[in-house]
Amino acid sequence: MKTQITELFGIEHPIIQGGMHYVGFAELAAAVSNAGGLGIITGLTQGTPEKLDAEIKKCQELTDKPFGVNLTFLPSLTPPDYPGLIEVIINNGVKVVETAGRNPAVYMPAMKDAGIKVIHKCTSVRHSIKAQDIGCDAVSVDGFECGGHPGEDDIPNFILLPRAADELDIPFVASGGMADARSLIAAMALGAEGMNMGTRFIATQDAPVHQNVKEAIVNASELDTRLIMRSLTNTERVLNNPAVESLMAKEKAYGDELKFEDIIDEVAGVYPKVMMDGEPEAGAWSCGMVAGLVSDIPTVKELIDRIMAEAEEIVASKLQKAI
Ligand SMILES: Cc1cc2nc3c(=O)[nH]c(=O)nc-3n(C[C@H](O)[C@H](O)[C@H](O)COP(=O)(O)O)c2cc1C
């Protein structure tokens with residue numbers, strides 16, 4: 001399939017794997033890229049330029065196809081060494097960066113000078129326009145359904161994507177709630193040039209996370225995610241579990257007085273315990289409503305091949321026959 005996104009990134013299929021904390025390691029990124037999509041290493045999971053350098057080199061040994069690095073810009077008193085992380089991305093010849101969180105404007109000149117294509121992930125039309133204005137090459141439009149941080153507007157993709165299509169000149173992919181060929185074709189009908197998946201890629205054989213996490217996603221339905229940290233204006237969609245219920249009980253009890261320190265036990269240091277040690281109930285971790293559409297644990301290649309074959313089938317037998 002040829003779209004503006006496959007052309008922009010030099011990939012075969014318009015499918016991107018979004019950066020995911022403690023999931024987006026070299027193994028997953030390379031598997032996605034080898035299958036014809038765009039794999040993304042999560043920069044902040046590595047944390048330091050030295051570690052990111054090693055992870056990029058590992059990925060380059062596993063694939064000769066294009067892959068990217070996610071840089072999530074978080075508000076922080078002690079921010080990561082973003083200039084150092086960008087330097088190793090540039091020095092290793094990585095040509096795609098997925099930015100997320102705060103506006104990446106200050107880092108744009110360095111990335112553009114190095115010939116890097118920047119795709120900014122954001123959850124609103126106004127932030128998508130801002131991304132276009134600061135020189136991003138594409139946007140990943142992340143709807144309310146998404147795993148992770150859906151923002152505070154709560155606009156689902158059936159509205160958000162056509163709104164983005166109406167306003168943007170640069171290409172965008174649909175993110176949030178994407179799982180299969182139906183998602184891809186629907187997203188393209190709504191104006192996207194491809195799709196970005198997070199949760200779906202965790203439940204694959206290539207995702208270097210504990211089997212318990214993959215099974216937790218397979219066993220979850222679309223009813224099993226919760227929104228937390230709304231009163232901190234840092235809303236996150238997570239998989240429900242006893243720790244999340246305890247966190248939500250505190251949110252209810254403290255109301256607008258809630259502080260991050262009140263819920264630190266349920267959110268801090270959770271990802272290595274969940275993803276590496278296989279304790280999905282260790283705390284709150286991001287998961288999309290799309291878990292309700294995930295019922296198997298294929299290889300990444302099987303997943304992407306299936307999506308592309310079924311996408312052709314939808315167009316050829318369903319859509320073409322309908323007109
Ligand atoms: C476990 C997990 C961790 C994530 N970590 C990050 C992250 O560190 N940075 C980021 O930009 N997005 C992160 N995301 C969001 C994904 O990149 C993607 O935008 C989102 O999962 C799309 O929604 P979906 O899960 O419905 O496919 C994470 C998502 C999940 C499920």
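How many residues surround the ligand, and which are the closest?

## The ligand shell

In this predicted model, 29 residues surround the ligand, a residue being near a molecule if its C-beta atom, placed from the backbone, lies within 6 Å of it. The closest are G18, A100, G147, G198 and G288.

The shell comprises nine nonpolar, 16 polar and four charged residues; Asp, Glu, Lys and Arg count as charged, Ala, Val, Leu, Ile, Met, Phe, Trp, Tyr, Cys and Pro as nonpolar, and the others, Gly among them, as polar. At least two shell residues come from each of β3 (67-73), β8 (195-197) and α10 (199-202). Helices (H or I, at least four residues) and strands (E, at least two) are DSSP runs, numbered from the N terminus.

## Helix α5

In helix α5 (residues 82-91), L85, I86, V88 and I89 are buried, with 20 or more other C-beta atoms within 10 Å of their own. These residues lie on the same side of α5 because they cover an arc of only 160 degrees around the axis, taken from the directions from the helix axis to the C-beta atoms. On the other side, P83 and N91 are exposed (12 or fewer such atoms).

The cover over the buried residues of α5 includes α3 (43-46), α4 (49-62), β3, β4 (96-101) and α6 (108-113). After α5 comes G93, with a positive phi near 75 degrees.

## Basis of the description

Residues are numbered from 1 along each chain as its sequence is written. As the model is predicted, local features need pLDDT of at least 70 and side-chain atom pairs count only at pLDDT 80 or more, while totals for chains, interfaces and linings use all residues.

Definitions and conventions. Contact = placed C-beta atoms within 7 Å.
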